[in-house]
Amino acid sequence: MRVRSDFVHMPNPYAAGPDDPDATVVLVPAVTADVALLHGFAADRQGTAELDGRTDDRLAAQAADYVIVTVERVVDALVTPTQRNGTLLGGWQVHAIVEVPHGSHPTACAEHTPLDAEHIREYLAAAADPDAWQAYWDRYVRIPDDPAAYWDLVSGAVAA
Amino acid sequence: MFREAVVSMAGAIARAVRDGETVAVGTLSPIPAAGCLLARATRTPNITLAMLDDKRQASVGGSKEFFDFAQRGKLDLFFLSGIQIDAEANINLSVVGDYAAPKVRLPGGAGSGMLYYWAKRVILFKHDHTPRAFPERVDFITSPGHPSPGVRRPGGPALVVTPLCVMQYDRDAARLRLASVHPGHTVEEVQAATGFDLGATADVPETAGLSAEEQAALDGPVREHLLHAYPEFVTAVWGETTHA
């Protein structure tokens, strides 16, 4: 096709006949990833992860070969969702769980971390320039000792 | 000015909703949300309304759940926008400039390639009304206004709502026409702000204002409900308020 040569236009095997509006269909190849890195609400030690069901995180997990989920907290046994729109992803689809409170920052995580638009603007400006990027990397990635130190650094700017 | 534009747009949307319809408002769509909530509070109490940005809306299937719903033919009314909308109601959410070497690469259609076909009626909305926003032809067609021959298309464009006017989609001509001009604006102003010929502009009525009941609903329960999805929009329109 004109823009995407990997989209395939082909006869529809379920068409009623040549005049059927669905006589042909377009096939779109699946999008896959080597790794899905997601942030969810909670997880247990069997790898059961609670994701925000309003997002497409479950699809991203299913599209990837290796799934890492950072979560607000790790609990002993995750049997039911802990908050609104939480949806459980079985540990049989998850490879690694990491407890990182506020790990979604600067993006939002419902009921835990608000969107930090100011930080995203700072990130975008830094990403456009090699020197600014090095400064951003040092300040937010290399220097903070752990996620708590990172959160202390950025949460002063986050509105309540 | 901003508040007046919001009131005109929400009012025009509210009047376009039909009672009993299944209506969805997608993400980042505070004006359609205001219009649909206003319709439900006044004229169309029996609509089924899904507001995808409402934090209280139950959903665990992500966008696939919503897209499948539309493809099963369940969606009567939806809202779409774009960086550009052209004379044929083609919408562009993909690129400004050439697709192979874009001036600006945008987030993309977010399902509008399919939703513009499968929602039975689509109201387009835009927060800006300039010749660059409304060119004769978009730089890239994310989704077309008219169907390609031989392709099933249950739905399509009905209206376009902007801060200056309401346009109607003329199916026979496959083109947008001026339907009404908001109070405080003129036909000449609207045409000067539009990059394509709006066609016959004589006897174009003024967009109807809100009744007292509609105004009270907008400032009361509609505003309250909008806080759950668009708190910054509420502040921008109504100003900062403290809650009891």
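**Exercise 1.** In which helix of chain A do Glu118(A) and Arg121(A) lie, and how many residues apart are they? Describe also how their side chains interact.

*Solution.* The model examined in these exercises is predicted.
Step 1: Glu118(A) and Arg121(A) both belong to helix H2 of chain A, which covers residues 117–127.
Step 2: They stand three residues apart, about one turn of the helix.
Step 3: Glu118(A) and Arg121(A) form a salt bridge, with the closest N and O atoms 3.5 Å apart.
Step 4: Both Glu118(A) and Arg121(A) are exposed.

**Exercise 2.** Explain why the salt bridge between Arg45(A) and Asp76(A) ties together parts that are apart in sequence.

*Solution.*
Step 1: The side chains of Arg45(A) and Asp76(A) meet in a salt bridge, at 3.5 Å from N to O.
Step 2: Arg45(A) is found in the loop between strand E3 (33–44) and strand E4 (49–52) of chain A, and Asp76(A) in the loop between strand E5 (64–75) and strand E6 (86–89), so the pair connects parts that are 31 residues apart in sequence.
Step 3: Arg45(A) and Asp76(A) are exposed.
Step 4: Over all chains, the structure holds 17 salt bridges.

**Exercise 3.** Describe the interface between chain B and chain A, beginning with its area and ending with its salt bridges.

*Solution.*
Step 1: The size of an interface is often given as the accessible area lost when the parts come together.
Step 2: Between chain B and chain A, about 1100 Å² is buried, and carbon and sulfur atoms give 45% of this area.
Step 3: Ser59(B), Val60(B) and Arg152(B) supply 39% of the area that chain B buries against chain A, more than any other three residues.
Step 4: The contact involves 16 residues of chain B and 13 residues of chain A.
Step 5: Seven residue pairs are in polar contact across the interface, and the count of salt bridges between the two chains is two.
Step 6: Arg152(B) meets Asp20(A) in a salt bridge, 3.7 Å from N to O. Arg152(B) is also part of a network of salt bridges that links Asp20(A), Asp22(A) and Arg152(B).

**Exercise 4.** Is Thr22(B) buried or exposed? State its place in chain B and its contacts.

*Solution.*
Step 1: Thr22(B) lies in strand E1 of chain B, residues 22–25.
Step 2: Its relative accessibility is 17%. The limit for a buried residue is under 20%, and Thr22(B) therefore counts as buried.
Step 3: Apart from neighbours within four places in sequence, Thr22(B) is in contact with Thr48(B), Phe69(B), Lys74(B), Leu75(B), Asp76(B) and Leu77(B).

**Exercise 5.** Contrast the surroundings of Asn85(A) and Leu28(B), and then describe the peptide bond joining His105(A) and Pro106(A).

*Solution.*
Step 1: Asn85(A), which is not a glycine, has a positive phi near 65°. Leu28(B), likewise not a glycine, has a positive phi of about 55°.
Step 2: Asn85(A) lies in the loop between E5 and E6 of chain A, while Leu28(B) lies in the loop between E1 and helix H2 (30–41) of chain B.
Step 3: Asn85(A) is buried, with a relative accessible area of 9%, whereas Leu28(B) is exposed, at 69% relative accessibility.
Step 4: The peptide bond between His105(A) and Pro106(A) is cis, with omega about 10°. Pro106(A) is in the loop between strand E7 (96–99) and H2 of chain A.

Terms used: Residues numbered from 1 in each chain as written. Chains lettered and ligands numbered in written order. Predicted model: local features only at pLDDT ≥ 70, side-chain atom pairs only at ≥ 80, totals over all residues. Heavy atoms only, no water. Helix = DSSP H or I, 4+ residues; strand = E, 2+ residues; numbered from the N terminus. Buried < 20%, exposed > 50% of the residue type's maximum accessible area, 1.4 Å probe, protein only. Contact = heavy atoms within 4.5 Å. Buried area = accessible area lost by both parts, 1.4 Å probe. Salt bridge = Lys/Arg side-chain N within 4 Å of Asp/Glu carboxyl O. Polar contact = N/O pair within 3.5 Å; in protein donor to acceptor, adjacent residues only side chain to side chain.
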